[in-house]
Amino acid sequence: MTTTSPVHDAPAGAVAQTSQGPDYASKSLPRHLARGALGFGLLIGAVALLPVTGPVSLLAAPAALLAFRGCPTCWAVGLAQTISRGRLERQCVDGVCTLAKAHPHPAAPPPRA
């Protein structure tokens, strides 16, 4: 039996989940990059200010983890998800799943030139 389950088969208004794992993507790339700049800035500041303020500067580290939504690796995975959102779709044929370039949804407006 051959089945294909592209992402754009979701009902209108529904958010299609493209994978079984957690979603670390942001709503937009600028928002994700801002979270990364804040997180890395807090981590660098925590370490750089250690000689000046002592262990008190390490209190910035938990705030960085909140900005990253976990850790720097989680942020990097989210960056990849944010960039690829809507550009890739998972297709499963005979139990073998692959990633392929997404086809534009018929109801979606055409891209601007």
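Phe40, Phe68 and Trp75 are joined into a cluster by ring pairs. The model is predicted, and this briefing describes the aromatic cluster, the buried side of helix α3 and a nonpolar patch on the surface. The cluster draws on three helices, with Phe40 in α1 and Phe68 in α3, and Trp75 in α4.

**Aromatic pairs**

- The number of aromatic pairs comes to 2.
- In the pair of Phe40 and Phe68, the ring centres are 4.8 Å apart and the planes meet at 70 degrees, so the arrangement is edge-to-face; the cut-off for that class is an angle over 60 degrees.
- Because Phe40 belongs to helix α1 and Phe68 to helix α3, this pair ties together parts of the chain that are 28 residues apart in sequence.
- Phe40 also pairs with Trp75, again edge-to-face, with 5.6 Å from centre to centre and 85 degrees between the planes.
- This second pair links distant parts of the chain, since Phe40 is in helix α1 and Trp75 in helix α4, 35 residues apart.

**Exposure of the cluster residues**

- Phe40 has a relative accessibility of 34% and therefore counts as partly exposed.
- Phe68, with a relative accessible area of 0%, is buried.
- Trp75 is likewise classed as buried, at a relative accessible area of 12%; the limit for this class is under 20%.

**The buried side of helix α3**

- Helix α3 spans residues 60–68, and its buried residues are Ala64, Ala67 and Phe68.
- These residues lie on the same side of α3, because the arc they cover around the axis is only 95 degrees.
- The packing partners of the buried α3 residues are α1 (residues 29–48) and α4 (residues 72–84).
- Phe68 thus appears both among the buried residues of α3 and in the aromatic cluster, where its ring partner is Phe40 of helix α1.
- Just after α3, Arg69 adopts a positive phi of about 60 degrees.

**Nonpolar surface patch**

- Leu29, Leu33 and Ile83 make a nonpolar surface patch of about 240 Å².
- Ile83, one of the patch residues, is located in helix α4.
- The relative accessible area of Ile83 is 41%, so this residue is partly exposed; that class lies between the limits of 20% and 50%.
- Helix α4 therefore holds both Ile83 of the patch and Trp75 of the aromatic cluster, the former partly exposed and the latter buried.

Notes
Residues are numbered from 1 along each chain as its sequence is written. This is a predicted model: local features need pLDDT of at least 70, side-chain atom pairs count only at pLDDT 80 or more; totals for chains, interfaces and linings use all residues. Side-chain values use heavy atoms; hydrogens and water are left out. Buried means under 20% relative accessible area, exposed over 50%, partly exposed in between (1.4 Å probe, protein chains only). Helices (H or I, at least four residues) and strands (E, at least two) are DSSP runs, numbered from the N terminus. The arc is that of the directions from the helix axis to the C-beta atoms. Contact means heavy atoms within 4.5 Å. Patches are made of residues with over 30% relative accessible area and no salt bridge: like charges are joined within 9 Å, nonpolar side chains (Val, Leu, Ile, Met, Phe, Trp, Tyr) within 5 Å. Accessible areas come from the Shrake-Rupley method with a 1.4 Å probe; for residues, only the protein chains shown count as cover. A salt bridge is a side-chain nitrogen of Lys or Arg within 4 Å of a carboxyl oxygen of Asp or Glu. Rings of Phe, Tyr and Trp (its six-membered ring) pair if their centres lie within 6.5 Å; planes under 30 degrees apart count as stacked, over 60 as edge-to-face and the rest as tilted.
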